[in-house]
Amino acid sequence: MAGPLLEARGIVKSYGHVEALRGADLALPPGEVVALIGDNGAGKSTLAKILSGVEPPDDGEILLDGRPMAFSSAEDARAAGIETVYQDLALCADLTPAANFFLGRELLKPGLLGRLGLLDDAAMRERARQACERLGVELKSQDAPVSTLSGGQRQGVAVARAVTWARRVVFMDEPTAALGVVQTRRVLDLIRGVRDSGVSVLLISHNMQDVKAVSDRVEVLRLGRRVARFDTAQVSMEELVGAMTGARG
Ligand SMILES: Nc1ncnc2c1ncn2[C@@H]1O[C@H](COP(=O)(O)OP(=O)(O)OP(=O)(O)O)[C@@H](O)[C@H]1O
């Protein structure tokens with residue numbers, strides 16, 4: 001098996017007196033979906049934030065392609081090809097999907113107009129439309145702000161944006177929370193599509209059915225440490241729950 005694409009070793013992180021991570025490990029192989037599961041407060045979101053550059057660890061190592069990395073911001077991680085779909089989706093409600101897609105990465109018009117700082121709105125709309133279409137996200141209008149979209153459509157836009165820019169890894173923190181059955185299926189299909197395009201996915205989820213349906217491997221955090229790892233095909237729902245709660249594993 002190839003070495004991990006992204007790896008966390010012995011990550012420690014405290015918030016005041018709360019030890020969120022106490023030497024957590026995680027390995028994300030290339031081109032796989034890894035589910036990160038654990039009870040409330042186990043440290044999943046904290047670990048994802050550290051791996052995506054949002055927060056610095058107090059101790060421990062992050063390796064990308066086996067080489068130590070120090071991300072000092074989410075921009076650093078993005079520059080390394082790592083994108084995140086946050087729990088709150090981090091979309092700007094008043095902007096269109098295209099404006100959200102290109103926030104901070106705006107395309108300028110070619111030639112002199114670009115040098116004058118003029119944005120190429122048509123090109124951005126078209127690229128955003130194509131990205132959504134590729135992932136099966138149907139938007140009636142490209143001009144409507146994100147606030148007018150349904151929860152599932154917003155989820156789709158956030159995932160499509162992450163996938164558009166991610167060259168290596170996408171983190172998804174509870175991407176199906178608050179979605180209906182049909183929308184959930186759509187997001188799971190998106191995750192498979194991302195994996196099949198060669199990008200690794202780290203999926204944080206409390207939904208064991210989603211985890212079983214879409215992941216290749218499962219890593220279990222408890223009280224800030226990894227306590228178990230499984231091949232999804234080899235593990236039962238009961239074993240996963242047992243490992244999370246400490247009843248087993
Ligand atoms: N910014 C913060 N300030 C203080 N404590 C925090 C902060 N972020 C996380 N924590 C604490 O760190 C611990 C781990 O939190 P984290 O959100 O990583 O867990 P989680 O496994 O993602 O939980 P959940 O499934 O409930 O989202 C919790 O005890 C939490 O209260």
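Mentor: Before we start, two strands pair here if DSSP finds at least two bridges between them. Strands (E, at least two residues) and helices (H or I, at least four) are DSSP runs, numbered from the N terminus. Residue numbers start from 1 along each chain as its sequence is written. The model is predicted, so local features need pLDDT of at least 70 and side-chain atom pairs count only at pLDDT 80 or more, while totals for chains, interfaces and linings use all residues.

Trainee: Happy with that! In what order do the 4 strands of the open sheet lie?

Mentor: Strands of a sheet pair through backbone hydrogen bonds, either parallel or antiparallel. In this sheet the pairing is antiparallel. The 4 strands follow the order β2-β1-β4-β5.

Trainee: Which are the edge strands?

Mentor: Look for strands that pair on one side only. These are β2 (18–28) and β5 (67–69).

Trainee: Which residue in β2 stands opposite Leu-6?

Mentor: β1 and β2 run antiparallel and are joined by 8 bridges. They form a hairpin with 2 residues between them, and Gly-16 in the turn has a positive phi of about 60°. Opposite Leu-6 in β2 stands Leu-28.

Trainee: And which residue is the bridge partner of Leu-6 in β4?

Mentor: β1 (residues 6–15) pairs with β4 (residues 59–64) in the antiparallel sense, over 5 bridges. In β4, the bridge partner of Leu-6 is Leu-64.

Trainee: At what angle to β1 does helix α1 run?

Mentor: Axes are lines fitted to C-alpha atoms (for helices, over the stretch in contact), with angles from 0 to 180 degrees between N-to-C directions. Contact between two residues means C-beta atoms, placed from the backbone, within 7 Å. Helix α1 (residues 44–51) lies across β1, β2 and β4. Its angle to β1 is about 115°.

Trainee: Which helix gives the largest share of the side of domain 1 that touches domain 2?

Mentor: The bounds, from an automatic or database domain assignment, give domain 1 (1–81 + 167–249) and domain 2 (96–165). Their centres, taken over C-alpha atoms, are 27 Å apart. In all, 14 residues of domain 1 are in contact with 10 residues of domain 2. The largest share of that side of domain 1, 7 residues, comes from helix α7 (residues 181–196).
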